[in-house]
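User: I would like to go through this model with you, a few residues and one sheet at a time. Could we begin with the cysteines?

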Amino acid sequence: MKSARIFGPRDIRVVDVPRPEPGPAEVLIRMEAAGVCASDVILWNGNFPYIAQGLTTYPFTPGHEWCGVVEECGVAVRTLRADQRVVGEASLGCGECPDCLTGRYDICQYRRETGSRGNKDGAYAEYIVMPARHCAPVPSSVTAEEGAIALAASEALYALQKATRVLGGTVVVQGDGPIGLLAVQVARVCGAGTTILAGCYENKLHTARELGADVVVDVTRDSLRERVLQLTEGKGADVAVEASGSTAALNDTVDLVRAGGEAVIIGIYQEPLANFDMSKVVLKDMRIYGSHVSPGMLGRAINLMASGAIQTKPLITHR
């Protein structure tokens with residue numbers, strides 16, 4: 001089968017590799033669509049932390065946002081069937097350690113991550129093998145291309161459910177990429193009173209308006225901090241979501257949040273954070289949450305997509 005594999009920094013090639021065989025608890029899936037995440041670009045650049053840490057070694061097949069059809073089921077699989085459209089999770093726990101047994105397979109020390117950590121081959125191939133327990137069915141009302149963004153939707157859902165002040169509150173999202181646009185939609189689903197999306201690309205800001213963002217701020221023209229303070233009578237946002245991957249935006253996050261507010265960090269950063277004023281976090285009595293992948297959220301995200309509460313098709317820009 002054909003597979004696009006990364007052999008080194010900025011060195012990706014389409015090569016022939018053997019088609020994988022599913023184990024007893026695994027399924028073989030024929031790819032229909034795969035998304036390009038910002039982290040895939042960082043992996044291609046060679047700057048992803050897993051590469052520096054030796055957790056991902058060359059060559060490997062990237063791609064963790066995908067949708068496909070089950071071609072073959074292992075003998076122990078009971079939850080899926082052949083010809084069923086599915087999507088899969090990124091973080092694959094061992095299934096046996098205390099973290100996995102309590103549902104936190106995302107932090108399993110033995111985990112692999114599709115398309116990166118542990119060299120678990122990803123979706124930039126004709127076929128992929130996945131543990132059945134880490135796959136979720138996709139209803140016919142969701143297309144394959146939309147399904148390929150279901151994982152990103154689940155990650156936005158996982159991030160927002162960490163915060164306790166979303167309901168009825170002001171939520172500001174930094175970053176007009178797919179995760180940011182999904183986070184705005186999730187905030188609305190979770191009952192936010194006002195949603196603010198900040199970015200720098202007019203076409204993406206236009207999409208944010210169409211997807212229901214109450215306020216859109218072009219940070220190349222306006223001060224996000226001043227706009228947020230204006231909209232909140234000088235108090236600041238109840239929740240700030242940093243989804244841009246910009247260290248400058250991360251530094252600004254503490255200035256956007258009100259006293260007692262919360263910040264959720266989703267972005268992956270290619271350079272260390274410098275000059276972060278932790279005193280502001282202390283004096284505001286803020287809570288800061290890191291958020292990575294989406295344990296237990298994939299099926300819920302698909303249900304929200306199927307109902308129309310979360311839209312992913314408008315996020316597709318290139319093929």
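**Cysteines, a sheet and two charged residues**

Analyst: Cys190 has a relative accessible area of 28%, so this residue is partly exposed. Please note that the model is a predicted one.

User: And Cys135, buried or exposed?

Analyst: Cys135 is buried, because its relative accessible area is 12%, which falls under the 20% limit for that class.

User: How many disulfides are there?

Analyst: The count is zero disulfides. Cys135 takes part in none, and the nearest cysteine sulfur belongs to Cys73, 9.6 Å away. A disulfide would require the two sulfur atoms to lie within 2.5 Å.

User: Where does Cys73 sit with respect to the strands?

Analyst: Cys73 is in strand S4, where it is the bridge partner of Val27. Strand S4 covers residues 66-73 and pairs with strand S3, residues 26-34, in the antiparallel sense over seven bridges.

User: What is the strand order in that sheet?

Analyst: The order is S8-S3-S4-S5-S9, an open sheet of five strands with antiparallel pairing. Strands S8 (127-131) and S9 (135-137) stand at the edges; each has a single partner strand, so one side of each lacks a neighbour in the sheet. From one strand to the next, the twist averages 45°.

User: Changing topic: where is Arg5 placed, and is it buried or exposed?

Analyst: Arg5 belongs to strand S1, which spans residues 2-8. Arg5 counts as buried because its relative accessibility is 15%.

User: What does the Arg5 side chain pair with in a polar contact?

Analyst: The side chain of Arg5 makes a polar contact of 3.3 Å with the side chain of Asp121. Leaving aside residues up to four places away in sequence, Arg5 also touches Asp11, Ile12, Arg13, Val15, Val17, Pro59, Phe60 and Thr61.

User: Now Lys280. Which helix is that in, and what does Lys280 touch?

Analyst: Lys280 is located in helix H10, residues 278-283. With residues up to four places away in sequence not counted, Lys280 touches Val254 and Asp255.

User: Why does Lys280 count as partly exposed?

Analyst: Its relative accessibility is 31%, and Lys280 therefore counts as partly exposed. That class lies between the 20% and 50% limits.

User: One last item: how many residues apart in sequence are Lys280 and Arg221, and what is the distance in space?

Analyst: Lys280 and Arg221 are separated by 59 residues in sequence and by 26 Å in space, taken from C-alpha to C-alpha.

Technical notes
Residues are numbered from 1 along each chain as its sequence is written. This is a predicted model: local features need pLDDT of at least 70, side-chain atom pairs count only at pLDDT 80 or more; totals for chains, interfaces and linings use all residues. Side-chain values use heavy atoms; hydrogens and water are left out. Helices (H or I, at least four residues) and strands (E, at least two) are DSSP runs, numbered from the N terminus. Buried means under 20% relative accessible area, exposed over 50%, partly exposed in between (1.4 Å probe, protein chains only). Contact means heavy atoms within 4.5 Å. Two strands pair if DSSP finds at least two bridges between them. Axes are lines fitted to C-alpha atoms, for helices over the stretch in contact, and angles run from 0 to 180 degrees between N-to-C directions. A polar contact is a pair of N or O atoms within 3.5 Å; within protein, one must be able to donate a hydrogen and the other to accept it, and residues adjacent in sequence count only if both atoms are side-chain atoms.
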